[in-house]
Structure formats: structure tokens, C-alpha cells
Amino acid sequence: MEEKEIYKGLAGVPIDYTAISKVNAETNSLLYRGYPVQELAASKTFEEVAYLLWNGELPSESELTAFNERTRPLRKLDPRVAAAVDALPLDAHPMDVVRTAVSVIGSLDKDAWTLTENLSKAEALFAQIPAVVARDHRRRKGLEPVEPSSHLNYAEDFLWQTFGEEPEAAVADAFRVSLILYAEHSFNASTFTGRVIASTLSDIYSAVTGAIGALKGPLHGGANEAVLHIFNEIGFGPGAKERVKVWLDNALATKRKIMGFGHRVYKSGDSRVPTMRDAMVKMIEHYGRADVLELYEALEEDFVSRKGIYPNLDYPAGPTYHLMGFETEEFTPIFVAARVTGWTAHIIEQVENNALIRPLSVYNGVPERHVL
Ligand code: SDX
């Protein structure tokens, strides 16, 4: 067999440049267009961060006003997209619903292939995905959809459309922080998927649909949902430490991956976790759920002490969305709503300086042979 070094999973393999974000495992840091994500989370709206990712600079006051005037009217779903969401089974996974909705949005865009218009298409997807997630949330409960607002900001409107009431400031702020932290993370699996599809000069909707499919996996974005499944298996309430020990003994004995822990790039902890954990703790205090913190800390302390593998962003994000009232299977669609900004920024960057992404393989099958 031909001897060639294989880089399975492309681990540690740089395959292109990007100016959008810098993930630095050595310093455990993350920059969006040069700004530390923690500074953005502390002071900017999600709209401002989306604008930054797409345009390379934070918007001026007039640019932000124009951006909001352009995107807020786009929050309302086309009736055909709404009908497509309603046509799906009530037990369809919410990630399948959002993936289908993006596909339908693309099929309605007669200029889908106009790659030079990708920024305006990205802004429209950014504006519409909350309405898809919210409509799906409400239809499962037999509730009528709530019309998007024009005066609420993105985070507030997402919660308004989902729960039918204007959110408390503390809840909207924790949600805003989570969206900023989830927005972008260089060549993660779903972003890379989007870039591969964009590199064939396919349309932005196909690239985003593919990225949603990649994000659904529990090794990637699906982990935030899986964290809650683990919490429910262990159980909330007094005595969490003891239950965690028994649960982990069994999980590790059966070689289970503990969702919400570990990362391909960060090996001494995910740079975003402290900020997301602070937001989670604020929600725990807001809703009076000290039992959630007890379980969160018991599992983290025990697993880190046993394996030296640290939490990633999904670990604090899942419990935060649970406390806010989202259904567990809706956590990853929220990740989609945030990450669609990063995905589309990368799709635009890929097309601007494109090369078809097509790696090699090393054949290890049967030697050549002949039918006759
Ligand atoms: C995200 O890439 C990004 O930037 C992604 C993301 C983003 O913002 O886009 O940050 C979002 O996807 C975060 C990751 C969410 N996924 C999970 O929480 C799923 C659980 N995590 C693991 O599956 C794992 O940590 C990965 C997939 C995230 C990363 O794994 P790697 O780098 O491929 O390393 P590996 O799986 O080869 O693990 C190395 C060792 C293995 O042990 P051995 O088989 O060599 O004995 O560590 C073990 C693994 O078994 N290990 C774990 C583990 N993570 C690593 N064991 C149990 N539970 C875990 N979570």
C-alpha cells in the first residue's frame, strides 16, 4: 500500500486563511475581526456583532440604524415558508425543521445563484431564522405564531416570538451573550462544510443547509442538547455529587463521550466558557435553580478530575436555554440562528478568493483486478 501520511479529521491541518476570527489554543482566546469575544459579549448587541463578522468593522450609529431598518422587516416569514414549517410532523426534530425552512427560503429566491448578492441573502437568513424556530416551538404546543416585532432588538424579538411576551432584561441579556459566543469559531465542522459547498460555486442556501446538517451532530452543535439529556439521566436535586459519581463510573466504563466536554482545538478549556458560565449563573439566580448549578459543578469537577477534559461552550449553554424555557431539542436551532452569521461570512470569504476544496485519499482497497 502507498505510504502517505493521513491527517484523519484534518486534525491540526490549516487549509486556508481567514480574516473573520482567530481561535488561539495557546492563549485560549477567540477574536472576532480582532476584537476579543469577551469584550463584544460585554458591550455589543448581536446585530452589531453580526455586522462586524460580515463587514470587518463594527457599525457606526447610522450604519446600525440602516442595518436594523433593512433587516427587521425581513423577520416575517414568507407564507410559503411558514406553510412548509407547519407541514412537517410535530415530532420532527427542530433541526430538521430549520434545515428544511432554509432550503425552502432558498428555493423561493429566484436569484439564489447571484453570488455577488450573498451579503443581502445572509442578512435575510439572519432575520428569518428566529421566526422559524419560534413558529416551530409554538406549533408543537398548539399555540398560534407570534408576529415579529419591529421595535425589539434581535435577542429580545427572538424571545418575544417564542414565548409571546417581551422578555425580562436579564433574560434577554443572557440570551444576547449566548448568541455572540455562538456566532463564529473559524473552521469548525459546520463552517468548513459550508465552505466546501461554497467552493463549488453552489448557492448560499445550499451551503447553509449543509452546515445545518453538520451542526446537528452530537460531536458538534448537537452537544448542547445532549448536555440536557445527560442532566436528566443523572437527575436534578440534592445528592447530585453521589449520583454523578455512579453515572460517570458507568458512562466511562461503557466508553460514552460526555457531551459538553472536550474540543478539537482548545485543550485546556474553551475560551468562551467563563463568559457563558457567568450568563448561566445569572439565569440560575434569576429563576432560583441552585440545583442546576449543583449538578453542573458536580459533573464538571468529577469529569475534569478523572480525565482532564474541560467543558466547551455547549456545557453552560444547554442549561441556560433550559432555564429560559426552550425545549431541549431547540437548543441547537438557537446555535444555527447565531452561527448563520459566521457561516455566511465564511461563505462570502470563500467565494471572494475561491479554490475548489478537494483533498486526496490514499487507496487501501483490493489491488486492481479484472472482470474477464
Ligand atoms: C463544538 O470545532 C469547533 O470549534 C466546534 C465548536 C464551535 O464553536 O463550532 O466549538 C462547537 O462542536 C464544541 C464540541 C461539542 N461536542 C461535544 O461536547 C461532544 C463531546 N466531545 C468529544 O466528542 C470531543 O471532545 C470532540 C469531538 C469535541 C473533540 O474530540 P477530538 O479532538 O477529535 O479528540 P478525540 O475525540 O480523539 O479525543 C481524544 C481522547 C479520546 O480518548 P482515546 O479514545 O484516545 O482514549 O479524549 C477522549 C476521547 O475518547 N475524549 C472524551 C471526550 N472528549 C475527548 N472522552 C469522553 N468524553 C468526551 N467529551
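**Exercise 1.** Decide whether K216 is buried, partly exposed or exposed, and describe the salt bridge that K216 forms with D96.

*Solution.* Begin with the classes: a residue is buried under 20% relative accessible area, exposed over 50%, and partly exposed in between, using a 1.4 Å probe and the protein chains only. K216 has a relative accessible area of 32%, and therefore K216 is partly exposed. The structure is a predicted model, in which local features need pLDDT of at least 70 and side-chain atom pairs count only at pLDDT 80 or more, while totals for chains, interfaces and linings use all residues. Residues are numbered from 1 along each chain as its sequence is written, and side-chain values use heavy atoms, with hydrogens and water left out.

Next, take the bridge, which is defined as a side-chain nitrogen of Lys or Arg within 4 Å of a carboxyl oxygen of Asp or Glu. The side chains of K216 and D96 meet with N and O 2.7 Å apart. This pair links distant parts of the chain, since D96 belongs to helix α5 (residues 94-108) and K216 to the loop between α10 (204-215) and α11 (223-234), 120 residues apart. Helices here are DSSP runs (H or I) of at least four residues, numbered from the N terminus.

**Exercise 2.** Work out where D173 and R176 lie, and classify the accessibility of D173 and of R176.

*Solution.* Both residues lie in helix α8, 3 residues apart, which is about one turn of the helix. Their salt bridge brings the closest N and O atoms to 2.8 Å. D173, at 34% relative accessibility, counts as partly exposed, whereas R176, at 11%, counts as buried.

**Exercise 3.** Find the loop that holds H185, and determine whether H185 is buried or exposed.

*Solution.* H185 sits in the loop between α8 (169-182) and α9 (189-199). Its relative accessible area is 5%, so H185 is buried. Apart from neighbours within four places in sequence, H185 is in contact (heavy atoms within 4.5 Å) with several residues, among them H263, R272 and R339.

**Exercise 4.** Describe the surroundings of the ligand, beginning with how many residues surround it.

*Solution.* The ligand is surrounded by 22 residues, and H185, G260, H263, R272 and R339 are the closest; a residue is near if one of its heavy atoms lies within 4 Å. Turning to single atoms, a backbone N or O atom of G260 lies 2.7 Å from a ligand oxygen, and an N or O atom in the side chain of R264 is 2.9 Å from a ligand oxygen atom.

Methods:
Polar contact = N/O pair within 3.5 Å; in protein donor to acceptor, adjacent residues only side chain to side chain. Helix = DSSP H or I, 4+ residues; strand = E, 2+ residues; numbered from the N terminus.
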